[in-house]
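Reader: I'm new to this one and would like a close look at a single part of it. Could you pick out how the helices pack and walk me through it, along with whatever sits around them?

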Amino acid sequence: MEVSAMEEALPKANKKGGLRTIPFIISNEIFEKVATFGLHANMILYLTERYRMSSALATVVLYFWNALSNFLPIFGAVLADAYLGRFRVIALGSFVSLFGMCLLCLTAILPVFKKTPECAARPGECALVPWQLPLLFTSFVLMSVGSGGIRPCALAFGADQLDKRDNSAKNVRTLQTFFNWYYTVLGLSIVFAATVIVYIQQAKGWVVGFAVPVVLMVTALTLLLIGSPFYLKAEADRSVLVGLVQVLVASYKNRHEPLPLETADSSSFYNKAGSNPRTPTNKLRYLNRACVLRNPGKELSPDGTACHPWRLCTVQQVEDAKATIRVLPIWSTGIMPGVIIGQQMFPVLQAKTMERQMGKLEIPAASFGVFSILTLTVWVVVYDRALVRPLSRLTGHPLGLSLRQRMGAGLALFAVAMAVAAHTESVRRAAAIAEGLRDFGPHSGRTVHMSAMRLVPQHCLSGLAEGLNLIGQIEFYYSEFPKTMSSIGVSLLALGLGFGGVLGSAIVGIIGAATGRDGRDGWLVSNLNKGHYDYYYLVLAVLCAANVVYFVVCGWAYGEEGQNRVVAADAVEDAKEEQQHKAAIR
């Protein structure tokens, strides 16, 4: 089977890579995620309490921060796959992210408002120190740039250590187990961040609460560098990205040329010299014009390479381009989950207005998101250890449920979670008004006589939806994309979440403008008891339901999973092994 330069760069012997590298990679991810999520979880309170931003403004700021953090991984992925390699990009991203965290800690140390007599008399009218907001936003940007290097590469880099670069059932199962346990460990680290780090921020103050993530990030970077001698590191290969563009250009240039019959053999198409001959698939057949051989004597040089690579491409290049294009409609269904995940600051404000006392301990409002992560973690473990085999017997699929079945189920659960959130908020608001708390917002210190544990079901449903959809997305992109584009494939999840952040910010802005005209209290005012956040959740539920229908259409149009790759003669044994595996699970 034809392989690219990047795949050929992977060492063939088992001197590097393997299980021994996983502790270094996972440990790095644990400390990095604890540091990063420990800052994100409570940021809505940092902005509203320390900078005195309104809830709506702080939400928009965080939406854009999340969006930037999710947009940049696609650039980090291109940088890794085409120029620097994954290890270098992860290390560089860690350095930049660490610097951003140091600046954020500095914002907590330095004063926010000018110390004037007017400020002392009227705290609500204090003027910000001119450099505080630029310093804050610079720290956000640096942390986003850092995550743009870490997010798309870490998972693909870990999978590289175990991936045998074939499509055998055993290898697919190994990768699925790695993905599942990767998210299990990361889920537990985020639980730690949402409880311990958030508690430190609430109990010890922002300076200590932001200094702890800095120390953790230093530890993460140190562990990554210590394991450097043992990693399997593939060299970057920019030819795969150039090849995508070449296929599009060649297809356009040859648009008037006739295509061979669908029954044509491999001699009608250009295959790389030394590779097993194969024919392109009939999906997106228009692109096949890029690899049709019409006059080999004029189109090929003596060594078998194309004389004009912008007019004639290999079958492998064409199939790589098809894999990228065919995934895009399904990828677009991942934008709506980005909206749901990005608005998790609203439940923090809800929890702030509810009773959070458990015995002598008051649970921080930002810690209720831990139930989402716990649900995701438990689901991953239960599915991988207990459900895959019985489901495989029922479905005949080696992974239990197909990746698209899991993704679709997750999208449906997002809609259910938003409907439950709307009901819970409606009950909470009605109780607050009945108790005469309509004029008391989240920062008044007055709480409604209703346990914040009522928020747990919506968090659990969201966590289960993430476990099904987001992990399914990553496995789908990693398995459907060419191996040389693993980082780019994995980064598509973050890119979808980034577009979701922008869309979520637009939804908040549109709803705020449409419902708050003529001096009326809008749905999303700072005082939740005066607003109608329940209506906002209903809007999201309807949009999620529409997204499920759109996903079904995209899934039908996509066809069968695993058909993006060209099947060559040396893949026959893998197909036999797949059949044996299916027979065994029955």
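Author: Here is a tour that starts with the whole chain, settles on one helix and its neighbours, and then visits some residues round about.

First, a word of caution: what you're looking at is a predicted model. The protein has 20 helices and 4 strands, so let's get our bearings before zooming in, using the DSSP numbering from the N terminus. Of its 586 residues, 55% are buried. The protein exposes about 24,600 Å², and 65% of that comes from carbon and sulfur atoms. If you take the contacts between residues at least 6 apart in sequence, 82% of them join residues at least 24 apart.

Now for the close look. The part I'd pick is helix H5, which covers residues 86-109. Two packed helices are described by the angle between their axes and the distance between the axes. We'll go through three partners of H5 with that in mind.

Start with helix H9, residues 206-226. H5 and H9 pack with their axes 9 Å apart, at an angle of about 165°. Angles over 145 degrees count as roughly antiparallel, and H5 and H9 are therefore roughly antiparallel to each other. The crossing of H5 past H9 is left-handed. What sort of residues make up the contact of H5 with H9? They divide into 22 nonpolar and 2 polar, with no charged ones.

Next comes H4, which runs over residues 55-84. Here the axes of H4 and H5 are 8 Å apart, and the angle is about 135°. That makes H4 oblique to H5. This crossing is right-handed. On the H4 side, the contact is made by Gly76, Leu79, Ala80, Asp81 and Leu84, and on the H5 side by Arg86, Arg88 and Val89. Sorted by class, the residues of the contact of H4 with H5 come out as 4 nonpolar, 1 polar and 3 charged.

The third partner is H3, residues 43-50. H3 and H5 pack at about 35°, with 12 Å between their axes. H3 passes H5 in a left-handed crossing. If you want to find the spot, look for Met43, Tyr46 and Arg50 in H3, which meet Leu104, Thr107 and Ala108 in H5. That contact has 4 nonpolar residues, 1 polar and 1 charged.

While you're at H3, follow the chain on into the loop between H3 and H4, where you'll find arginine 52. Its phi is near 55°, a positive value in a residue other than glycine. Is arginine 52 buried, exposed or partly exposed? Its relative accessibility is 42%, so arginine 52 counts as partly exposed.

Carry on into H4 and you come to asparagine 70. With a relative accessible area of 8%, asparagine 70 is buried. Leaving out residues up to four places away in sequence, asparagine 70 touches Arg151, Ala494, Leu495, Leu497 and Gly498. Try finding glycine 148 as well: it's 78 residues from asparagine 70 along the chain, yet their C-alpha atoms are separated by 7.2 Å.

For a last stop, jump to the loop between helix H10 (239-253) and helix H11 (296-299), which is where asparagine 254 has its place. Asparagine 254 counts as buried because its relative accessibility is 3%. Not counting residues up to four places away in sequence, asparagine 254 touches Arg289, Ala290, Arg294 and Arg311.

Phenylalanine 269 is in the loop between H10 and H11 too. Phenylalanine 269 is buried, at 8% relative accessible area. Again setting aside residues up to four places away in sequence, phenylalanine 269 touches Pro260, Ala264, Thr279, Pro280, Cys291, Val292, Leu293 and Val315. One of those, cysteine 291, is 22 residues from phenylalanine 269 along the chain, and the C-alpha atoms of the two are separated by 5.5 Å.

Leucine 284 also lies in the loop between H10 and H11. Leucine 284 is not a glycine, although it has a positive phi of about 50°. As for cover, leucine 284 is partly exposed, with 36% relative accessible area.

Technical notes:
Residues are numbered from 1 along each chain as its sequence is written. This is a predicted model: local features need pLDDT of at least 70, side-chain atom pairs count only at pLDDT 80 or more; totals for chains, interfaces and linings use all residues. Side-chain values use heavy atoms; hydrogens and water are left out. Axes are lines fitted to C-alpha atoms, for helices over the stretch in contact, and angles run from 0 to 180 degrees between N-to-C directions. Helices (H or I, at least four residues) and strands (E, at least two) are DSSP runs, numbered from the N terminus. Angles under 35 degrees count as roughly parallel, over 145 as roughly antiparallel, 65 to 115 as roughly perpendicular and the rest as oblique. A crossing is left-handed if the near helix is turned anticlockwise from the far one by less than a right angle, and right-handed if clockwise. Ala, Val, Leu, Ile, Met, Phe, Trp, Tyr, Cys and Pro count as nonpolar, Asp, Glu, Lys and Arg as charged, and the others, Gly among them, as polar. Buried means under 20% relative accessible area, exposed over 50%, partly exposed in between (1.4 Å probe, protein chains only). Contact means heavy atoms within 4.5 Å. Accessible areas come from the Shrake-Rupley method with a 1.4 Å probe; for residues, only the protein chains shown count as cover.
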